[in-house]
Structure formats: C-alpha cells, structure tokens
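Reader: I would like a close look at a single part of this model, namely its nonpolar core, together with the loops and end segments around it. Please take the residues one by one and keep to what the coordinates themselves support.

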Amino acid sequence: MITIHLVAPDGATETTLAAKTGQSLMQAAVGGNVKGIEADCGGLLTCATCHVHVREPFASQLPPPADEELAMLEFTASPRGENSRLSCQIALAENLDGLTVDLPASQH
Ligand code: FES
C-alpha cells in the first residue's frame, strides 16, 4: 500500500487514500469516491475525464506519456499544464508513495 493525495481545485481540500500498488491512480481515486475524477471511459483512454496535474517530485518520476495519452491530453476540459497526465495511465508503484496530484476545475 502507498499513500496518495488528491487536492481539490480549491487548493485546500485534500483527500488522502491508502492505495494498492498495481492499480492505476484513476482506479484508486474512483474506488475512494474522490470527487473530480470522472473516468467516463473506465480507463480505455478515450475520455480525458481522469485528468490530473501531478506535483513534483513525482511528475518527473513517471514514465513519459505514450502517444495515445498525449493525443487524449489535447481534449481535457480544463487547460492542460506542463504536468498534466491522465490518471488511468499512472500505474501506482512503491516509488510513488506520497504521490500528490491537483484535480482540475472541470472534467467536462
Ligand atoms: S479514464 Fe478515460 S482517459 Fe482515463
């Protein structure tokens, strides 16, 4: 288990979850009923409603996005930032203990 933190768009409300490794960040967030991760496609990389902004030092520890993720990041409802990722493509692993992401203002 690792600990992950999801910060609401207000910048103040934070949800902390104990998450199993081997699942995606999106799966952990949905399982934890985190508001702000819609994940309409269930992780099939066709919706971009699982958009998050990954904080450092974790953003630079993630494998770079595949072409398919980069393509879907063009369709995020909220502006895409330098550390924007789709949470269904972030595989939770031990090195991501403490992972902190900011949720965008909107997923639609
Ligand atoms: S859940 Fe649809 S792209 Fe991530």
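Author: What follows begins with the overall fold, goes on to the core, and then takes up individual residues in the strands, loops and end segment.

The model is a predicted one, and its secondary structure consists of 2 helices and 5 strands, which run along the sequence in the pattern β-β-α-β-α-β-β. The radius of gyration of the protein is 12 Å, close to the 13 Å that the globule rule gives for 108 residues, so the protein is as compact as a globular protein of that length. Taken along the principal axes, the C-alpha atoms fill a box of roughly 30 × 30 × 25 Å. Of the contacts with a separation of 6 or more, 66% are between residues 24 or more positions apart, and 44% of the 108 residues count as buried. The protein exposes about 5600 Å², of which carbon and sulfur atoms supply 51%. As for charge, there are 5 positive and 13 negative side chains, with the centres of the two sets 5 Å apart.

Turning to the core itself, the largest nonpolar core has 30 residues, and those with the most contacts inside it are Ile4, Leu6, Leu25, Val54 and Leu99. Two or more residues are given to this core by each of β1 (2–7), β2 (14–19), α1 (25–31), β3 (51–54) and β5 (99–102), and the largest share, 4 residues, comes from α1. In soluble globular proteins, nonpolar side chains tend to be buried together. For Leu6, once residues up to four places away in sequence are set aside, the residues touched are Thr13, Glu14, Thr15, Leu17, Leu25, Ala29, Val34, Val101 and Leu103; one of these, Leu25, is itself among the core residues with the most contacts.

Val54 also provides a reference point for a loop residue: Gly81 is 27 residues from Val54 in sequence, and their C-alpha atoms are 9.5 Å apart in space. Gly81 has its place in the loop between α2 (67–72) and β4 (84–86), and its relative accessible area of 29% makes it partly exposed, because that value falls between the limits of 20% for buried and 50% for exposed.

Strand β4 holds Leu86, which counts as buried at 1% relative accessibility. Beyond its neighbours within four places in sequence, Leu86 is in contact with Leu45, Ala48, Cys50, His51, Glu69, Met72 and Leu73. The C-alpha atoms of Leu86 and Thr49 are separated by 7.9 Å, although the two residues are 37 apart along the chain.

Thr49 appears again among the partners of Glu38, which touches Thr49, Gln107 and His108 when residues up to four places away in sequence are not counted. Glu38 lies in the loop between α1 and β3 and is partly exposed, with a relative accessible area of 40%. The C-alpha atoms of Glu38 and Ser106, 68 residues apart along the chain, are separated by 9.5 Å.

The loop between α1 and β3 deserves a further word on its backbone. Asn33 is found there, and Ala39 lies there as well. Most residues other than glycine have a negative phi, and most peptide bonds are trans. Against that background, phi of Asn33 is near 55°, a positive value in a residue other than glycine, and phi of Ala39 is likewise near 55° and positive. As to accessibility, Asn33 counts as exposed at 69%, whereas Ala39 counts as buried at 11%. A further backbone feature is the cis peptide bond that joins Glu56 and Pro57, with omega of about 10°; Pro57 is found in the loop between β3 and α2.

Finally, the segment after β5 contains Pro104, which counts as buried at 6% relative accessibility. Leaving aside neighbours within four places in sequence, Pro104 is in contact with Pro9, His51, Val52, His53 and Ser78. Of these partners, Pro9 is 95 residues away in sequence, while the C-alpha atoms of Pro104 and Pro9 are 5.8 Å apart in space. His51, a partner of Pro104, is also in contact with Leu86.

Key: Residues numbered from 1 in each chain as written. Predicted model: local features only at pLDDT ≥ 70, side-chain atom pairs only at ≥ 80, totals over all residues. Heavy atoms only, no water. Core = buried A, V, L, I, M, F, W, Y, C linked by side-chain atoms within 4.5 Å. Buried < 20%, exposed > 50% of the residue type's maximum accessible area, 1.4 Å probe, protein only. Contact = heavy atoms within 4.5 Å. Rg over C-alpha atoms; globule rule 2.2 N^0.38 Å. Areas by Shrake-Rupley, 256 points an atom, 1.4 Å probe, with all protein chains shown as cover. Lys, Arg positive; Asp, Glu negative; His and termini not counted. Charge placed at Lys NZ, Arg CZ, Asp CG, Glu CD.
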